[in-house]
Number of protein chains: 2
Amino acid sequence: MTTMEVGNKLVELCKKGENLKAVETLYSPDIVSVEAAATPAMPAEMKGMEAIKGKNKWWLDNHEVHSAACEGPYPHGDRFIVRFTYDITNKQSKKRMKMDEMALYTVKGGKIAREEFFYAMG
Amino acid sequence: MTTMEVGNKLVELCKKGENLKAVETLYSPDIVSVEAAATPAMPAEMKGMEAIKGKNKWWLDNHEVHSAACEGPYPHGDRFIVRFTYDITNKQSKKRMKMDEMALYTVKGGKIAREEFFYAMG
């Protein structure tokens, strides 16, 4: 798949809430995922399909999603950007919040090899 | 300035339509600017303050801007993303169009050293 095809498929799956399927089908086994910051519970950088699936499952298990949207893909060479906006409640803190972030993806050999998340910290 | 301060200042100036002032005050003399694609009139990559100022002036001279918006900055380490949306008319073709693009900036030594534009081609 071309970078644009990978981007279109990712956005299509995320719009249906099938984020885990996107990871399983579009990501490289050696995927590297980098947050804008580490948290006490999670390092900024994680690597490998199982770790990234675990990170996605943790997020889905710990948040109630009231609404979600994604816009893009915006391509440039072997990279593309997608904007994600969420209205969520953290199940532990019960705190409802809006998330607004950009994800920068790098495609190698038809698979997503790197994802980097851009967002402002509270 | 930190990456976030540079990003905030860029967005503040662009919201006022002062894009040229942003280039003059926030960009490195060795700025590298990369479009998602070359055009017959312009290479994808341009370098140096004078070239980038020329590129910005060309764009402003050749388009009537009906409305413009920018969202961000979305930071990650020494980089940040800004979304630009424009409603413009090309003065030569008289064609009115909407532009929607992401710009990825890299900051070095408190100045923007690289800008890369992400967008889908017609």
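Helices and strands here are DSSP runs, numbered from the N terminus.

**View 1. Chain A, from one end of its fold to the other.** This is a predicted model, so a quick tour of the whole chain comes before the close-ups. Starting at the N terminus, you pass through α-α-β-β-α-β-β-β-β. That gives chain A three helices and six strands. The radius of gyration is 14 Å, close to the 14 Å that the globule rule gives for 122 residues, so chain A is as compact as a globular protein of that length. If you want to frame the picture, the C-alpha atoms fill a box of roughly 40 × 25 × 25 Å along the principal axes.

**View 2. Inside and outside of chain A.** Of the 122 residues in this chain, 50% are buried. Look at contacts between residues with a separation of 6 or more, and 46% of them join residues 24 or more positions apart. On the outside, chain A shows about 6200 Å² of accessible surface, and carbon and sulfur atoms own 52% of that. As for charge, there are 18 positive and 17 negative side chains, with the centres of the two sets 2 Å apart.

**View 3. H76(A) and its neighbours in chain B.** Here we zoom in on H76(A), which sits in strand β3, residues 63-76 of chain A. Is H76(A) buried or exposed? H76(A) has a relative accessible area of 8%, and because the cut-off for buried is under 20%, this histidine counts as buried. Its partners across the way are V34(B), E35(B), A36(B), E116(B), F117(B) and F118(B), leaving aside residues up to four places away in sequence. Which backbone atom does the side chain of H76(A) reach? The backbone oxygen of F117(B), at 2.7 Å. For a sense of scale, G17(A) is 59 residues from H76(A) in sequence and 25 Å from it in space, C-alpha to C-alpha.

**View 4. K55(B) on helix α3.** Over in chain B, K55(B) belongs to helix α3, which covers residues 49-62. You might check the burial of this lysine too: K55(B) is at 9% relative accessibility, so it counts as buried. Leaving out residues up to four places away in sequence, K55(B) touches S33(B), E35(B), M42(B), M46(B) and F117(B). Two of those names may ring a bell from the previous view: E35(B) and F117(B) are among the residues that H76(A) touches, and K55(B) touches them as well.

Note on methods: Residues numbered from 1 in each chain as written. Chains lettered and ligands numbered in written order. Predicted model: local features only at pLDDT ≥ 70, side-chain atom pairs only at ≥ 80, totals over all residues. Heavy atoms only, no water. Helix = DSSP H or I, 4+ residues; strand = E, 2+ residues; numbered from the N terminus. Rg over C-alpha atoms; globule rule 2.2 N^0.38 Å. Buried < 20%, exposed > 50% of the residue type's maximum accessible area, 1.4 Å probe, protein only. Contact = heavy atoms within 4.5 Å. Areas by Shrake-Rupley, 256 points an atom, 1.4 Å probe, with all protein chains shown as cover. Lys, Arg positive; Asp, Glu negative; His and termini not counted. Charge placed at Lys NZ, Arg CZ, Asp CG, Glu CD. Polar contact = N/O pair within 3.5 Å; in protein donor to acceptor, adjacent residues only side chain to side chain.
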